[in-house]
Amino acid sequence: MAQTRRDFMKKTAALSAASYVGMQLPADWQTGALAEEAEAWHRGTCRLCGVGCRVELGVKNGVPFGLRGVAESRTNFGYLCMKGMHFWKCIGHKDRLKKPLYRAKKSEAFKEISWDKALDIAAERFASAVKQHGSNAVAYYGSGQCLTEETYLFQKIMRGGLKTNNVEGNPRLCMASAVGGYMTSFGADEPIGGYADLEKAHCFFIIGSNTAEAHPVLFRRIMRRKLDNPEVKIINADPRVSQTSRIADKHLQFKPGTDLSLLNAMAKVIIDEKLYDQQFLTNYAVFKQGKEGKDASFDELTQFLAPYTPEAAAKTCGGSITADDIRQVARWFATSKGTVSLWCMGINQRKQGVWANNLIHNLHILTGQLLKEGADSLSLTGQPNACGGVREAGGLCHILPGHRPVEKEKMRNQVEEAWGIPLGRIPADPGLHTMDLFTAVNNGKVKALWVNCTSPAQSLPNCDLYNKGLADDDCFIVCTDIFKTRTTEFANLILPTAFHFEKTGVYGCTERRSQLTRKAVKAPGEAKPEVWIAREWAKRLAVKLDDPVIAQCVKPFEGLEEDFALPKAIWEEYTQELTKNRDNDLRGATYAVMSRMADGPQWPAPTEEFALTGGTVKKFVKGMDPMADSESKNELPYQFYGPAHEDRKLWIWLRPQADPSEIPDAEYPFYLSTGRIIDHWHTMSMTGRIPELLRANPYAYVEVNPKDADKLGIKPGDMVEIKSRRGVNVLPAKVYEGPIEGMVFAYWHDQEQTRMINKVTKDDYDPASKEPEFKICAVTIKRISGPQPLKPFIV
């Protein structure tokens with residue numbers, strides 16, 4: 001869609017909400033207090049999404065009054081989105097949890113108790129479960145919002161102390177397929193490059209991501225690049241026209257679940273027209289096929305792609321895609337000076353999520369669009385510490401700290417030696433992944449569950465099914481959080497935690513960058529940092545189980561004050577002992593180093609001197625990545641050292657088109673997909689308590705294509721029933737040319753039961769990554785009434 005600069009500016013006017021990203025406003029805009037009267041500005045990292053924007057909290061007389069971006073930051077250049085500007089208002093909110101709450105049975109009312117009693121109860125119930133039913137009767141379920149120190153300490157206690165790998169977290173629901181894609185394509189997790197490529201790219205391939213609303217500060221950088229350089233091409237591939245689509249030179253709208261055909265067709269065009277980089281392939285790539293990764297060849301790839309002609313793929317994809325569209329975007333991708341691909345949940349939350357990730361990486365490997373300026377295959381992350389805390393520090397059932405697989409004895413022994421515990425203490429088998437974990441809760445096999453900083457009662461797919469198990473008294477549930485949520489409704493014990501800027505710790509963002517936030521204000525009431533809670537709980541567990549090894553897990557942290565010395569000691573143990581010589585080497589990213597930097601370093605950063613330079617901007621590039629230099633086995637400019645690929649090659653995969661788990665039929669004729677809106681984040685437990693954001697979007701709604709709405713007699717604002725084989729929702733309709741015809745789209749942040757869309761979504765998952773297929777299921781929709789007065793769940 002060729003357009004003039006004037007046309008472009010008109011279209012991007014529609015992005016006023018998405019691009020309103022943190023002008024440097026004076027503090028009196030929000031509070032009447034002048035910025036220069038502040039007692040201090042305290043530097044940290046944004047609490048939301050995975051971008052890692054650097055922020056400063058203004059505090060006067062011990063009370064926060066505003067938040068601003070850090071102008072010298074190369075992550076966000078001082079800009080913030082509206083959520084980022086306002087999240088500080090959660091700090092002093094009237095709904096904050098301030099004292100431990102307990103009830104023996106879930107039918108009873110909560111009563112306030114002391115911390116001593118609360119920790120004794122938690123230790124007694126977990127110890128009893130282990131004594132009576134074994135170590136795998138207990139589990140920890142964490143979050144990509146936890147600080148790295150928190151996730152690391154909890155998983156150390158669970159694995160080394162309680163002898164279970166039942167350590168999971170909500171990144172399984174969002175980023176597991178990206179991990180699987182990186183590991184199987186590149187041999188190592190997480191992106192090769194980072195955000196610096198955005199200002200140097202000449203083509204952006206955005207697929208399965210509404211970047212404008214989910215990652216607005218990064219989107220601003222993309223939009224700025226396009227405005228300053230009109231020749232830059234932007235391709236947006238998505239079944240829904242979103243705010244992101246409105247700056248695209250080409251929007252590819254396809255039927256949900258058909259994008260594997262699209263990606264294979266792009267690869268076929270690249271091969272047929274000889275747009276691939278033969279020298280890059282010869283030096284760095286091999287070809288793989290099948291579940292076991294059997295060797296293949298370029299000729300076999302060519303034969304495999306033969307059916308994926310642009311004409312055939314256009315027919316499979318449906319919508320408005322033409323064969324010429326596919327040829328054009330493949331040429332743009334392959335021939336630009338630098339292409340960056342960006343994707344998020346639309347690719348990951350799929351039954352073929354790992355395959356879809358592989359096929360994006362295939363395009364980059366085929367064309368050599370990697371390892372140079374302005375080129376990267378860049379998965380976007382949904383939470384602030386899903387990468388640093390969970391993927392890197394061992395927060396999933398199959399991985400140990402430092403990107404170590406649980407199943408490898410050598411890796412387990414390295415961790416056991418670092419912890420000073422007996423060899424063989426950590427079980428050899430991975431624990432229960434998220435969906436199996438909550439199935440085990442349903443089946444009565446998990447007797448004690450610790451849920452930290454997340455709300456699975458709302459965020460799990462087909463959530464009503466799993467909430468039955470959460471509601472059963474057979475499972476004792478501890479929740480550590482700052483607010484009551486849908487999940488605390490099922491808890492026996494609620495422990496109030498310190499919030500962001502009320503504690504010290506590290507977040508690691510999408511681009512392998514670790515950043516420190518120091519405590520700036522006191523937590524309300526008796527709220528405590530999770531590292532203190534975990535340490536004190538473990539000490540009691542050791543006594544109740546008469547097991548000195550549990551005590552050994554927290555012995556290095558005994559007697560340390562909770563605000564700084566304790567998290568610092570945990571970070572040092574993790575980085576110095578367990579990332580040494582690993583691909584995510586963080587030994588140089590000390591608290592002292594991070595405190596001196598506008599942005600933290602990108603790993604690998606093995607020394608303080610190197611970390612202070614910013615760390616590794618590009619992995620695997622000699623002269624930029626110290627690991628590539630030390631691991632060099634040849635004279636070529638790139639050295640791949642990913643732990644998953646012994647051949648030190650990039651792998652191109654032969655992956656076919658495959659249907660989603662559930663497709664529309666006569667009974668359920670519509671696709672349903674879900675996603676975010678710019679004003680809210682995740683389950684709305686934080687943003688729903690911020691008046692400015694709640695006024696902008698007080699409740700969720702369902703988008704209906706105008707052609708479908710006309711057939712069904714649905715008018716804007718009508719109440720619409722969405723029904724699947726699992727549940728029913730009733731939401732107001734937004735008649736909008738967003739979703740492709742035959743598809744409806746709903747926002748998932750609303751906690752109101754009638755609008756909580758995960759009652760409807762499907763819980764089938766990718767067999768490789770175990771990530772559920774949130775993005776596609778079959779539903780029926782019908783009008784049930786005209787507009788009705790609605791209230792937000794949180795007021």
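This briefing describes one sheet with the helices packed on it, and then the surroundings of a single aspartate. The model is a predicted one, and within it seven strands form an open sheet of mixed pairing. The aspartate is D259, which lies in helix α8 and is buried.

**The sheet**
- The seven strands follow the order β5-β4-β19-β18-β17-β6-β7, and the sheet they form is open.
- The edge strands are β5, covering residues 111–112, and β7, covering residues 167–169, each of which pairs on one side only.
- Strand β18, residues 476–481, pairs in the parallel sense with strand β19, residues 493–496, over four bridges, and V478 stands opposite L493 in β19.

**Helices packed on the sheet**
- Helix α4, residues 148–161, packs on the sheet by touching β6 (138–142), β7 and β17 (448–452), and the direction of this helix makes about 165° with that of β6.
- Helix α17, residues 434–442, also packs on the sheet, where it touches β6, β7 and β17, while its direction makes about 135° with that of β6.

**D259 and its surroundings**
- D259 lies in helix α8, which spans residues 259–272.
- D259 counts as buried because its relative accessible area is 2%, whereas the cut-off for that class is under 20%.
- Leaving aside residues up to four places away in sequence, D259 touches I207, F254, I347, R350 and Q657.
- D259 and I714 are 455 residues apart along the chain, and their C-alpha atoms are separated by 29 Å.

Notes. Residues are numbered from 1 along each chain as its sequence is written. This is a predicted model: local features need pLDDT of at least 70, side-chain atom pairs count only at pLDDT 80 or more; totals for chains, interfaces and linings use all residues. Side-chain values use heavy atoms; hydrogens and water are left out. Two strands pair if DSSP finds at least two bridges between them. Helices (H or I, at least four residues) and strands (E, at least two) are DSSP runs, numbered from the N terminus. Contact means heavy atoms within 4.5 Å. Axes are lines fitted to C-alpha atoms, for helices over the stretch in contact, and angles run from 0 to 180 degrees between N-to-C directions. Buried means under 20% relative accessible area, exposed over 50%, partly exposed in between (1.4 Å probe, protein chains only).
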